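Biologist: I am new to this structure and would like to learn how to read it feature by feature. Could you begin with what a word such as "exposed" stands for?

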Amino acid sequence: MPNYNYVIGGRSIGKTRKIMELAKEKNAIVICKNPAAMERKAAAYGIFGLKFYGYDEMTTLFHEDMLPEDDFVVDEVAEFLSYFFAAKCVGFTQTEDD
């Protein structure tokens, strides 16, 4: 089983920033619902050079039985896992319900 990095907590505590920092450290792709918004958020955090894939892009890859060559992190894993299960996931975020 892979060694996952969990970033879990309530709203607005920095989960997304932490997962982006992990992606940068691991040279991993960031999988998220809205890649354009996440790229802007990363730039605001001063984190550059990340690759962002949307859920739709990953749907196509997984449907064609192709995984990305790179490791990846997932922002909001519950949403993502409603589409997939992937053994290469090295981290994720999850917002706790209020």
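Modeller: A residue is called buried when its relative accessible area is under 20%, exposed when that area is over 50%, and partly exposed in between. Please keep in mind throughout that this is a predicted model. With that cut-off, S12 counts as exposed, because its relative accessible area is 78%.

Biologist: Is L22 buried or exposed?

Modeller: L22, which is found in helix 1, counts as buried, because its relative accessibility is 9%. L81, which lies in helix 4, residues 77–81, is partly exposed, because its relative accessible area is 43%. For the protein as a whole, buried residues make up 41% of the 98 residues, while about 6100 Å² is exposed, with carbon and sulfur atoms supplying 49% of that area.

Biologist: In what pattern do the helices and strands follow one another along the sequence?

Modeller: The protein has four helices and five strands, and, read along the sequence, they follow the pattern β-α-β-α-β-α-β-α-β.

Biologist: What can the backbone angle phi tell me about the loops?

Modeller: Most residues other than glycine have a negative phi, and here we can look at two residues with a positive value. S12, in the loop between strand 1 (5–9) and helix 1, has a phi near 60°. N27, in the loop between helix 1 and strand 2, has a phi near 55°, and N27 also counts as exposed, because its relative accessibility is 57%.

Biologist: How should I describe two helices that pack together?

Modeller: Two packed helices are described by the angle between their axes and the distance between the axes. In this model, helix 1 (residues 15–26) and helix 2 (residues 35–45) pack at an angle of about 85°, with their axes 11 Å apart. Because of that angle, helix 1 is roughly perpendicular to helix 2.

Biologist: Which residues of helix 1 and helix 2 meet?

Modeller: From helix 1 come T16, R17 and M20, and these meet M38, K41, A42 and Y45 in helix 2. The residues of this contact divide into four nonpolar, one polar and two charged.

Biologist: Which residues touch the most other members of the largest nonpolar core?

Modeller: The idea of a nonpolar core is that buried residues of certain nonpolar kinds are joined through side-chain atoms within 4.5 Å. The largest core has 14 residues, of which M20, V30, L50, F52 and V73 touch the most other members. Helix 1, strand 2 (29–32) and helix 2 are the elements that give two or more residues to this core, and helix 1 gives the most, with four residues. If we follow V30 and leave aside its neighbours within four places in sequence, V30 is in contact with A23, M38, L50, K51, F52, Y53 and V73. There is also a second, separate core of eight residues, which includes M58, F72, V77 and F80.

Biologist: How does the fold bring together residues that are far apart in the sequence?

Modeller: One way to read this is through the contacts with a separation of 6 or more, of which residues 24 or more positions apart account for 53% in the protein. As examples of distances between C-alpha atoms, those of L22 and F72, 50 residues apart along the chain, are separated by 9.6 Å, and those of L81 and Y55, 26 residues apart along the chain, are separated by 9.9 Å.

Note on methods
Residues numbered from 1 in each chain as written. Predicted model: local features only at pLDDT ≥ 70, side-chain atom pairs only at ≥ 80, totals over all residues. Heavy atoms only, no water. Buried < 20%, exposed > 50% of the residue type's maximum accessible area, 1.4 Å probe, protein only. Contact = heavy atoms within 4.5 Å. Areas by Shrake-Rupley, 256 points an atom, 1.4 Å probe, with all protein chains shown as cover. Axes fitted to C-alpha atoms, helices over the stretch in contact; angles between N-to-C directions. Parallel < 35°, antiparallel > 145°, perpendicular 65-115°, else oblique. Nonpolar A, V, L, I, M, F, W, Y, C, P; charged D, E, K, R; others polar.
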